[in-house]
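Please work through the exercises below with the sequence and the model open side by side, and try each task before reading its solution.

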Amino acid sequence: MNRRGLGATIGDRLSFTRVRTLAVGGAIGGLITFIVLNPSVRGKALFGDGDAIQSWVRMGTKLGAVIGLTIGACLIAAEEWHTRSANRILRRSLTGALAGVFCGALGGLDGQFIFTVIQPVNVVLARCVGWALMGAGAGICPGLVSGSWKRAELGAFGGLFGGAAGGMLFDALALIARSADLSRALGFVLVGAAIGIAVAFLEEIAKEYWVTVLTGPKEGRSYVLSKQETAIGRDETLDIPLFGDSSVQRVHARIVKSDTGAYIRAERPGSPVVVNSQPVANAPLSDGDIIGIGKHRLRFGARRSTQAATLAPLAPQARPVNPTMLQVISGPHSGAAFPLSSASMPIGRSPGCSIPLPNDRLVSRQHARMVWDGASWRVEDCGSTNGVFVNGQRVSVQVIHPGDEITVGQSTLRAL
């Protein structure tokens with residue numbers, strides 16, 4: 001049984017924020033499609049005005065390519081908007097646009113052919129099938145850009161459903177709106193929104209593992225873990241980018257899926273990862289676990305128990321031969337814990353220290369510092385009055401290993 005129990009609601013498992021975001025992105029893409037295409041689609045392909053046979057190759061390819069480009073790119077831009085990284089948004093949107101042009105053109109060509117064949121029998125059915133195939137070309141884009149074939153497959157199906165739903169309502173809008181241009185504008189917007197909703201909802205229903213950001217400007221943002229390995233770090237190209245925290249490494253950790261569950265793996269000893277307040281280098285994840293990386297907190301979600309996850313062997317550079325945290329075991333600040341997260345971390349009474357001990361009157365304002373030299377952590381005395389002791393021996397500089405105890409003033413800190 002997972003931590004949230006059997007009574008979890010649909011809202012606990014689905015990110016309706018993500019569904020809403022992609023709906024808005026798809027609607028904007030549909031509006032842009034209308035603005036680009038409206039002068040050329042009056043009375044032509046996929047609208048049932050009689051001359052589809054004459055121009056189905058040209059119009060089908062053109063319409064599908066533009067829909068794939070605009071809606072596909074807007075879905076990606078909407079999904080990436082929360083990152084606030086113009087470079088990431090632009091790069092991913094352009095990549096999605098290129099994929100959308102190709103996939104949309106193929107879908108539009110096939111859709112126009114089917115429309116031409118079915119139109120004499122039932123124009124509404126013909127339009128549904130045609131829009132569905134073009135919708136698949138747009139829906140596949142987010143998955144292709146993220147590098148997940150599973151997500152691309154789900155996106156294609158979502159695009160099929162969304163495009164079909166929008167196409168079905170196209171004629172209804174024509175009856176409601178008195179203007180042909182208005183009906184087309186509403187139709188394109190509706191198709192785009194339907195594609196966005198269907199793509200997001202299908203991915204949410206099918207997801208097995210995910211993480212939800214609990215802190216910072218991305219609070220509430222949910223990431224579906226659709227790849228075998230999901231990279232987390234400061235690099236804006238990663239699957240889960242964590243900006244604004246210098247203690248987060250370029251590639252800080254990876255969440256890896258196995259046959260029996262999922263686990264998180266720190267990329268290097270100097271990149272601490274905390275799971276449920278415990279520093280780890282390689283640990284299985286269960287539904288509801290809280291992951292700490294620098295100042296960021298994320299909640300891991302799973303549809304099935306992952307407590308029996310089989311851990312892959314740690315790479316030599318990831319073995320816990322170096323500490324990832326200092327925990328105060330005696331003194332005025334007993335119980336406090338400080339992740340070792342930056343290359344130089346001062347220890348002292350000053351509030352500006354990375355490891356502050358303001359209530360220990362025997363500690364100098366800048367008493368010592370922890371330094372990462374690329375291979376190990378060491379403690380250095382900064383000219384303190386009362387000295388620095390490691391395992392009872394006074395030192396000026398000393399490499400620190402897990403289990404070592406550092407004493408400054410009245411405080412003893414254990415390396416974990």
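The exercises that follow concern a predicted model, and each task is paired with a worked solution.

**Exercise 1. Describe the surroundings of serine 384, and decide whether serine 384 is buried or exposed.**

Solution. Begin with the position in the fold: serine 384 sits in the loop that runs between β17 (377–381) and β18 (388–390). Next, take the accessibility, which is 10% in relative terms; because buried means under 20%, serine 384 counts as buried. Then list the neighbours, leaving aside residues up to four places away in sequence: serine 384 touches Ser364, His367 and Arg394. Finally, look at the polar atoms. The side chain of serine 384 makes a polar contact with the side chain of histidine 367 at 3.2 Å, and a polar atom of the serine 384 side chain lies 3.0 Å from the backbone nitrogen of glycine 387.

**Exercise 2. Trace the network of salt bridges that includes Arg18 and Lys207, and state for its pairs which helices and distances are involved.**

Solution. The members of the network are Arg18, Glu79, Glu203, Glu204 and Lys207. As a first step, consider the pair of glutamate 79 and arginine 18, whose closest N and O atoms are 3.0 Å apart in a salt bridge. This pair links distant parts of the chain, since glutamate 79 belongs to helix α3 and arginine 18 to helix α2 (residues 16–41), with their positions 61 residues apart. Glutamate 79 is buried at a relative accessible area of 6%, and arginine 18 is likewise counted as buried, at 5%. As a second step, turn to lysine 207 and glutamate 204, whose side chains meet in a salt bridge of 2.7 Å, N to O. Lysine 207 has 3% relative accessibility and is buried, while glutamate 204 is buried at 0%.

**Exercise 3. Find the salt-bridge partner of glutamate 380, and classify the accessibility of each partner.**

Solution. The partner is arginine 378, with 2.6 Å between the closest N and O atoms. Glutamate 380 has a relative accessibility of 11% and therefore counts as buried, whereas arginine 378, at 22%, counts as partly exposed. For the structure overall, the count of salt bridges comes to 15.

**Exercise 4. Determine how many disulfides the structure holds, and examine cysteine 141 as a test case.**

Solution. A search of the whole structure finds 0 disulfides. For cysteine 141, the nearest cysteine sulfur is that of cysteine 103, which is 6.0 Å away, and cysteine 141 is in no disulfide. The cut-off needed for this step is 2.5 Å between sulfur atoms. As for accessibility, cysteine 141 is buried at 0%, and cysteine 74 also counts as buried, at 15%.

**Exercise 5. Identify which residues form the nonpolar surface patch and which helix gives the most to it.**

Solution. The patch is formed by Phe16, Ile197, Phe201 and Ile205, which together have about 360 Å² of accessible area. Helix α8 (residues 180–206) gives the most, with 3 residues. Phenylalanine 201, which lies in helix α8, is partly exposed, with a relative accessible area of 37%.

**Exercise 6. Locate arginine 84 and say how far its C-alpha atom is from that of proline 217.**

Solution. Arginine 84 is in the loop between α3 (52–80) and α4 (86–118), and is exposed at 66% relative accessible area. The C-alpha atoms of arginine 84 and proline 217 are separated by 9.6 Å, although these residues are 133 places apart along the chain.

Note on methods:
Residues are numbered from 1 along each chain as its sequence is written. This is a predicted model: local features need pLDDT of at least 70, side-chain atom pairs count only at pLDDT 80 or more; totals for chains, interfaces and linings use all residues. Side-chain values use heavy atoms; hydrogens and water are left out. Helices (H or I, at least four residues) and strands (E, at least two) are DSSP runs, numbered from the N terminus. Buried means under 20% relative accessible area, exposed over 50%, partly exposed in between (1.4 Å probe, protein chains only). A polar contact is a pair of N or O atoms within 3.5 Å; within protein, one must be able to donate a hydrogen and the other to accept it, and residues adjacent in sequence count only if both atoms are side-chain atoms. Contact means heavy atoms within 4.5 Å. Patches are made of residues with over 30% relative accessible area and no salt bridge: like charges are joined within 9 Å, nonpolar side chains (Val, Leu, Ile, Met, Phe, Trp, Tyr) within 5 Å. Accessible areas come from the Shrake-Rupley method with a 1.4 Å probe; for residues, only the protein chains shown count as cover. A salt bridge is a side-chain nitrogen of Lys or Arg within 4 Å of a carboxyl oxygen of Asp or Glu.
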